[in-house]
Amino acid sequence: MATLKNYHIKATRTFSLIRKFGWLITVLVAIGGLWEPKLGLIVAFIMAALIITGFFSGRFWCGNYCPHGSLFDNILPISKNAKIPSFLTSKLMIVGFFIFFMFNFMRRMLNVFQNWGRYDFLDRLGLLFANTYLMVLIVGGLLAVFITPRIWCQFCPMGSMQKLSHKLGKTLGISEKTERKVTISALEKCHSCGKCSRVCPFQLEPFLEFSAVNQFNNVNCIKCSTCVANCPAGVLSLETKNNALKLKEKTSLEGYADRKKITARISAKKELTEEATEYVFSFESPQEVSYRSGQFVLVKIQAKPKSFRAYTISSYNEDSKQLSIVIKKVSGGYGTGKIFSEFKIGDVVELEGPLGNELVLDPSAEKIIFIANGIGITPFIAMSKDVLLNYPNAKIIHLLAGQKYEKDLLYHDYFNQLAEQYAKFSYTPILSRDETTSLKKGRVTAGLRNMPDLKGYKVYMCGTKNMLRESYKILLEKGVEKADISYESESKIVL
Ligand SMILES: Cc1cc2nc3c(=O)[nH]c(=O)nc-3n(C[C@H](O)[C@H](O)[C@H](O)COP(=O)(O)OP(=O)(O)OC[C@H]3O[C@@H](n4cnc5c(N)ncnc54)[C@H](O)[C@@H]3O)c2cc1C
Ligand code: SF4
Ligand code: SF4
C-alpha cells in the first residue's frame with residue numbers, strides 16, 4: 001500500500017467510559033503489583049473474559065474493554081502514528097510470538113505451581129501476571145510512541161487467544177449470530193475516501209473488503225467503532241449478519257443509483273479566493289452525464305489504495321457535458337494537498353457520480369431558505385439558479401451565506417446579480433471576523449435568529465457541524481418542521 005507520511009490520521013479513539021479509563025487497571029496491576037502482587041490476579045479474570053467474549057464476538061474485547069488497549073489509545077496524541085511494518089502483522093510473527101510467549105509463560109507458571117499450598121502461592125501467581133502486565137506496558141507503550149498506538153495488538157498473544165476462541169465459536173455456528181461486524185448500509189453510498197482506513201488503529205482497509213452482505217470480515221478488526229464514527233458518508237455501523245442483511249434491503253438508493261465511473265479532462269482552473277479554486281471537468285467517457293443541482297461527485301486522488309474525495313457540484317447543468325467544483329485548501333489535508341499540487345489543466349481525471357439526494361430541491365416548496373457557511377456555499381451556486389429557473393412553485397428564496405472575511409466570499413457578484421434580477425430571491429452575506437466591512441457582521445446563526453417566524457419554510461443547509469447544529473435548533477424554535485430541514489456536511493452528523 002502506497003502510504004504518504006500523513007495518510008493515517010490521529011482520530012479520537014476514546015468512546016466509552018471503559019475505553020477512556022480502562023488504562024487505570026493496567027497501571028494499577030503493572031505498577032501496583034510490584035507492591036501488592038495479588039493485584040496481578042485480576043489478570044486471570046481478564047484472560048477468562050477475553051476468551052469468552054472472543055468466542056461470541058471476535059476481538060471485540062481488544063477494541064472496547066482491554067486495559068492495555070485503552071492505554072495505547074490514550075498514547076495517540078504523542079505517537080508518531082506511522083505505518084505498521086508488514087512483518088509485524090505476518091503469520092510467522094503472530095504464531096511465532098504466540099508460541100514463544102506461551103512457552104515462557106507456562107514454564108514460569110509451572111514454577112509457581114510448585115509452591116501450591118504454600119502461604120505465598122497467591123502472591124507468586126499474582127506477581128507472574130503483574131510482571132507480564134508490566135512487560136506489555138513497557139514494550140507496547142514504547143512501540144506505541146515510536147510507531148503507532150496499537151502495534152503490540154498486532155501480535156499480542158491475548159489477541160491470538162481471542163482469535164482461536166472465535167474460530168471455535170465460528171465452527172460451532174454461534175458467533176455468526178452474535179458477532180457484530182463493521183457493516184456498510186450500501187456500497188453505492190461509499191465515498192471511497194479511505195477515511196475508515198486512515199483512522200483505523202489497526203490500519204485495516206474496510207472500504208476495500210466489504211463482503212456480499214456488506215460486512216468487513218477481517219478477523220483482526222477489534223470492533224472499536226473508530227471507522228464508524230469518522231465515516232463522512234455516515235454509512236457504517238456494527239451489525240450482526242442478520243441485521244446487515246436487513247439493512248442492505250431497507251437502505252434506499254435514491255440519489256445514488258446512477259453512480260457511474262466518469263473519465264473527464266480538467267478544462268479550466270480558476271483561483272476564486274486565496275483558499276478556494278474552481279476546477280471545470282469536461283466529460284470524455286461517457287461524453288454526457290446528467291446531474292442535478294445539490295449533488296456531489298467523487299474525484300480520484302490516488303490509485304493505491306484507490307481513494308477519492310467528495311466535492312459538491314457547483315455548476316448548473318446546462319448541457320450535461322461538464323461540471324465544476326470549488327475546492328478549499330485544507331491545511332495538512334491529504335487529498336487537497338494532492339489536488340492543489342498535482343491537478344493541471346489538460347489532465348485526465350477519474351470521477352464517480354453523480355451522487356446524493358440530501359440537497360435535491362423539492363418541487364412543491366413555496367418558501368425556501370438556503371443556509372451556508374465556509375465552503376458550504378458550493379451547492380447553492382447551482383441550486384439558486386435552478387430554483388429560479390425551474391421551480392415555479394418557489395415564491396420566496398433567501399440565501400444566508402457566512403464567511404470569515406469579505407475576501408473569502410465566493411460567487412458574491414453572481415448572487416448579487418440573481419438578487420437584482422429576481423425579486424423573489426434575496427442574498428445576505430454575513431462576515432464573522434471582518435471588522436472593516438460594510439456588509440453584515442456576525443455569524444450565520446445570528447442572521448437566522450434575526451429572521452421572523454419561518455413556519456412553512458423548506459430549509460437546505462450546508463457547512464460546518466456547529467453551524468448546522470445551532471441553525472437546526474433555531475429553525476425548530478422558529479416553527480420549521482423537522483421534515484423540512486435538509487442538510488449536507490463534510491462529516492455526516494445526526495441533528
Ligand atoms: C458530500 C461532501 C461534499 C463536499 N463538498 C466539498 C466542496 O464542495 N468543496 C470542498 O472544498 N470540500 C468539500 N468536501 C470536503 C472534501 O471531501 C474533503 O474532505 C476536503 O477537501 C479535505 O480533504 P483532504 O484529504 O485534503 O483532508 P484530510 O487529509 O482528510 O483532512 C481532513 C481533516 O483532518 C485533519 N488532518 C489531516 N491529517 C491529520 C492528522 N495526521 N492528524 C490529525 N488531523 C489530521 C485536517 O487538518 C483536516 O481538518 C465535501 C465533503 C463531502 C462529504
Ligand atoms: S476496521 Fe473499524 S472497527 Fe475495525 S479496528 Fe479498524 S477502525 Fe476499529
Ligand atoms: S465513505 Fe469513506 S470512510 Fe465511509 S466507508 Fe466509504 S471509504 Fe470508508
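**View 1. Welcome to the domains of this chain.** Between the centres of domain 2 and domain 4, taken over C-alpha atoms, lie 34 Å. The chain is split into domain 1 (17-170), domain 2 (180-250), domain 3 (260-355) and domain 4 (367-489), with bounds that come from an automatic or database domain assignment. Please keep in mind that this is a predicted model, in which local features need pLDDT of at least 70, side-chain atom pairs count only at pLDDT 80 or more, and totals for chains, interfaces and linings use all residues. Residues are numbered from 1 along each chain as its sequence is written, while chains are lettered from A and ligands numbered from 1 in the order in which they are written.

**View 2. The surroundings of ligand 1.** Here 25 residues surround ligand 1, and Ala 310, Gly 333, Tyr 334, Gly 335 and Thr 336 come nearest; a residue is near a molecule if its C-beta atom, placed from the backbone, lies within 6 Å of it. Domain 3 and domain 4 each give at least three residues to this shell. At least two residues of the shell come from each of strand 6 (307-312), strand 7 (322-328) and helix 13 (334-342). Helices (H or I, at least four residues) and strands (E, at least two) are DSSP runs, numbered from the N terminus. The shell around ligand 1 has 11 nonpolar, nine polar and five charged residues. In these classes, Ala, Val, Leu, Ile, Met, Phe, Trp, Tyr, Cys and Pro count as nonpolar, Asp, Glu, Lys and Arg as charged, and the others, Gly among them, as polar.

**View 3. The shells of ligand 2 and ligand 3.** Around ligand 2 there are 15 residues, of which Cys 200, Cys 221, Cys 224, Thr 226 and Cys 227 come nearest. By class, the shell of ligand 2 has 11 nonpolar, three polar and one charged residues. Turn next to ligand 3, with 14 residues around it: Cys 190, Cys 193, Cys 196, Phe 207 and Cys 231 come nearest. The shell of ligand 3 has 10 nonpolar, three polar and one charged residues.

**View 4. Helix 3 meets helix 8.** The axes of helix 3 (residues 42-57) and helix 8 (residues 157-171) come within 6 Å and cross at roughly 40°. Axes are lines fitted to C-alpha atoms, for helices over the stretch in contact, and angles run from 0 to 180 degrees between N-to-C directions. The contact involves Met 47, Leu 50, Ile 51, Gly 54, Phe 55 and Phe 56 of helix 3, along with Met 158, Met 161, Gln 162, Ser 165, His 166, Leu 168 and Gly 169 of helix 8; two residues are in contact if their C-beta atoms, placed from the backbone, lie within 7 Å. Eight nonpolar, five polar and no charged residues make up this contact.

**View 5. Two cis peptide bonds and a positive phi.** The peptide bond from Lys 304 to Pro 305 is cis, with omega near -10°, and Pro 305 sits in the loop between strand 5 (296-302) and strand 6. Another cis peptide bond runs from Gly 353 to Pro 354, with omega near -5°; Pro 354 belongs to strand 8 (residues 348-355). Finally, look for Gln 203 in the loop between helix 10 (195-199) and helix 11 (226-230). Gln 203 is a residue other than glycine with a positive phi, near 55°.
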